[in-house]
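Student: Could you go through this fold with me, one question at a time? I'd like to see how you get to each answer.

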Amino acid sequence: MIFENGKEIPLWNGEPVLSHGNQEGIDIPTITPYFPPVWNALGKAIVIYPGGAYSHLAEHEGRGYAEYFAARGFHCFVVKYRLGADKKYFHPVELADAARGVRLVRSAAKELGIRPDCIGVMGSSAGGHLAATVSNMHGQALKSPDEGEAANVSSRPDFAVLCYPVISADPAIANKGSFRNLLGLAEFDEAKSRALSQELLVSEQTPPTFLWHTMQDAGVLCENSLVYAEALRKAGVGFELHIYEKGPHGQGLFRGHPWAEECVRWLNCF
């Protein structure tokens, strides 16, 4: 597959797994690369999943992040994954699209000048849940027979960046709407959602993770990041956690917090 800077291309070769049609923007997930300046390329890649409660995709959490991190030396790839709000694309479709993004980038790593052992994921809100899902459940992701050799490439990210992520199905802290949209439920169901409660799925194989959140976030409570960090600690997985006092949900690259600069510093350790 040929990548061109800023050019959106289909994520899958041929028909995507579990497809319901071929309508652009709905049935055909895409991936868009954002390349760093040649003189500043670090050989590291970030696969980015925008947030949007699994009902829509927020551009500032996709292209906005990609442009910022590409300017700082990272190859970035924004995945527009399929959603339940469109043609009833529910789990495991989102996981399949997300994992395919990692495999695709890793399979092209040599030609793009990327280290195959330094390909991570980034997501915000529900996109953060998807990034955590790829971190913990990549081995369960569906593949397509049209992938060729890329199907044999690992889907496991080497690191994860989770921005105010949806994590837990605990009713006390869950963003219930995201779980409803992901599973195609009319009402939140704790028992069904628990299988995708990411703090329960962390293991020693979970990649090192950078998390940030705000205490004032009323959309996704900061306890989501706290319980995930605690699970990482218990599993012996490296992490960095930043909880800022002020700020609403969904702020992306909001300049009032230095999370992006701190994240770049953290990523430069790999």
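**Strands, helices and side chains**

Tutor: Strands β3 and β4 run parallel and pair over five bridges. Strands here are DSSP runs of E with at least two residues, helices are runs of H or I with at least four, and both are numbered from the N terminus; two strands pair if DSSP finds at least two bridges between them. Keep in mind that this is a predicted model, where local features need pLDDT of at least 70 and side-chain atom pairs count only at pLDDT 80 or more, while totals for chains, interfaces and linings use all residues. Residues are numbered from 1 along each chain as its sequence is written, and side-chain values use heavy atoms, with hydrogens and water left out.

Student: Which residue in β4 is the bridge partner of Lys 44?

Tutor: β3 covers residues 44-49, and β4 covers residues 74-80. Looking across to β4, the partner of Lys 44 is Phe 74.

Student: And β2 with β4: which residue stands opposite Thr 32?

Tutor: β2 is residues 30-34, and five bridges join it to β4, with the two strands antiparallel. Tyr 34 stands opposite Cys 76. Opposite Thr 32 in β4 you'll find Val 78.

Student: Which strands stand at the edges of the sheet?

Tutor: The open sheet has eight strands with mixed pairing, in the order β1-β2-β4-β3-β5-β6-β7-β8. An edge strand has a single partner, so one of its sides is left without a neighbour in the sheet; here that goes for β1 (9-10) and β8 (239-244).

Student: How many residues of β4 are buried?

Tutor: Buried means under 20% relative accessible area, exposed means over 50%, and partly exposed is in between (1.4 Å probe, protein chains only). Helix α1 (residues 63-70) lies across β4, among other strands, and helix α3 (residues 93-107) also lies across β4. Contact here means heavy atoms within 4.5 Å. β4 is mostly covered, and its buried count is six of seven.

Student: Why does Cys 222 make no bond with Cys 163?

Tutor: A disulfide needs two cysteine sulfur atoms within 2.5 Å, and the structure holds zero of them. Cys 163 has the closest cysteine sulfur to that of Cys 222, but it is too far for a bond, at 15 Å.

Student: Is Cys 269 buried or exposed?

Tutor: Cys 269 is in no disulfide either, with the nearest cysteine sulfur, in Cys 263, 11 Å away. Cys 222 counts as buried, at 10% relative accessibility. Cys 269 has a relative accessible area of 63%, so it is exposed.

Student: What kind of aromatic pair do Phe 69 and Trp 259 form?

Tutor: Rings of Phe, Tyr and Trp (its six-membered ring) pair if their centres lie within 6.5 Å; planes under 30 degrees apart count as stacked, over 60 as edge-to-face and the rest as tilted. Tyr 68 and Phe 69 are edge-to-face, 5.1 Å centre to centre with 75° between the planes. For Phe 69 and Trp 259 the centres are 6.2 Å apart and the planes 45°, which makes the pair tilted.

Student: Where is Ser 225, and how buried is it?

Tutor: Ser 225 is in helix α8 (residues 223-235). Not counting residues up to four places away in sequence, Ser 225 touches Pro 165, Leu 211, Trp 212, His 213 and Leu 241. Ser 225 is buried, and its relative accessible area is 0%.

Technical notes. Axes fitted to C-alpha atoms, helices over the stretch in contact; angles between N-to-C directions.
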